[in-house]
Amino acid sequence: MNVLFVCSRNQWRSPTGEEVWRKTPGVEVRSAGTSRNARRRLSLADIRWADLILVMEEKHQSRIRAEFRDELKFKTLHVLDIPDEYGFMEPELVEIIRQKTEPMITQGGTAE
């Protein structure tokens with residue numbers, strides 16, 4: 001399963017999601033940002049690669065849907081509702097990401 005984590009600047013939240021799942025057998029992970037000044041900007045190739053797209057906030061979903069509408073027709077996209085108030089690999093952020101994403105990733109992206 002290919003899992004894409006997305007936040008705004010690809011600085012704290014989405015790289016933490018990528019790191020949390022990096023060593024999981026059967027799971028490939030990437031992270032990207034929707035902002036023009038993102039550390040790694042979200043691309044069409046990322047969208048095509050992903051089986052499951054996990055965004056941190058509604059605004060990320062809106063931007064992705066506006067920019068990649070046609071590519072999202074057969075993609076699974078979930079909003080995790082994680083505010084931009086954590087640092088990279090902050091223990092509370094790691095725990096929130098694990099709790100919110102484990103059912104989706106271990107069940108193939110089908111859990112809500």
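These legends walk through several close-up views of a predicted model.

**View 1. Arginine 13 meets aspartate 84 in a salt bridge.** Let's start with a pair of opposite charges. The closest N and O atoms of arginine 13 and aspartate 84 are 3.8 Å apart. Arginine 13 sits in helix α1 (residues 13–21), while aspartate 84 belongs to the loop between β4 (76–79) and α4 (91–106), so this salt bridge ties together parts that are 71 residues apart in sequence. How accessible are the two partners? Arginine 13 is buried, with a relative accessible area of 2%, whereas aspartate 84 is partly exposed at 47%.

**View 2. Arg13 and Asp84 belong to a network of salt bridges that includes Glu57.** Here the picture from the previous view gains another residue. Arg13, Glu57 and Asp84 are linked in this network. For context, a search of the whole structure finds eight salt bridges.

**View 3. Glutamate 71 and arginine 48 form a salt bridge.** The closest N and O atoms in this pair are 3.2 Å apart. Where do the two residues lie? Glutamate 71 is in the loop between α3 and β4, and arginine 48 is in helix α2 (residues 44–49). The pair links distant parts of the chain, 23 residues apart. Glutamate 71 counts as partly exposed, with a relative accessibility of 27%.

**View 4. Glutamate 19 and arginine 22 join their side chains in a salt bridge.** From N to O, the distance is 3.2 Å. Buried or partly exposed: which word fits glutamate 19? Its relative accessible area is 31%, so glutamate 19 is partly exposed. Arginine 22 is partly exposed too, at 41% relative accessibility.

**View 5. Four residues gather in a patch of positive charge on the surface.** Which residues make up this patch? They are Arg36, Arg41, Lys59 and Arg63. Take a moment to find arginine 63, which lies in helix α3 (residues 58–67). Arginine 63 has a relative accessible area of 41%, so this residue counts as partly exposed.

**View 6. Serine 35 and asparagine 37 share a polar contact.** Our last stop is a contact between side chains, with a distance of 2.3 Å. Serine 35 has its place in the loop between β2 (28–33) and α2. Why is serine 35 called buried? Its relative accessible area is 16%, and buried means under 20%.

Definitions and conventions
Residues are numbered from 1 along each chain as its sequence is written. This is a predicted model: local features need pLDDT of at least 70, side-chain atom pairs count only at pLDDT 80 or more; totals for chains, interfaces and linings use all residues. Side-chain values use heavy atoms; hydrogens and water are left out. Patches are made of residues with over 30% relative accessible area and no salt bridge: like charges are joined within 9 Å, nonpolar side chains (Val, Leu, Ile, Met, Phe, Trp, Tyr) within 5 Å. Accessible areas come from the Shrake-Rupley method with a 1.4 Å probe; for residues, only the protein chains shown count as cover. Lys and Arg count as positive and Asp and Glu as negative; His and the chain ends are not counted. The place of a charge is taken as NZ of Lys, CZ of Arg, CG of Asp or CD of Glu. Helices (H or I, at least four residues) and strands (E, at least two) are DSSP runs, numbered from the N terminus. Buried means under 20% relative accessible area, exposed over 50%, partly exposed in between (1.4 Å probe, protein chains only). A polar contact is a pair of N or O atoms within 3.5 Å; within protein, one must be able to donate a hydrogen and the other to accept it, and residues adjacent in sequence count only if both atoms are side-chain atoms.
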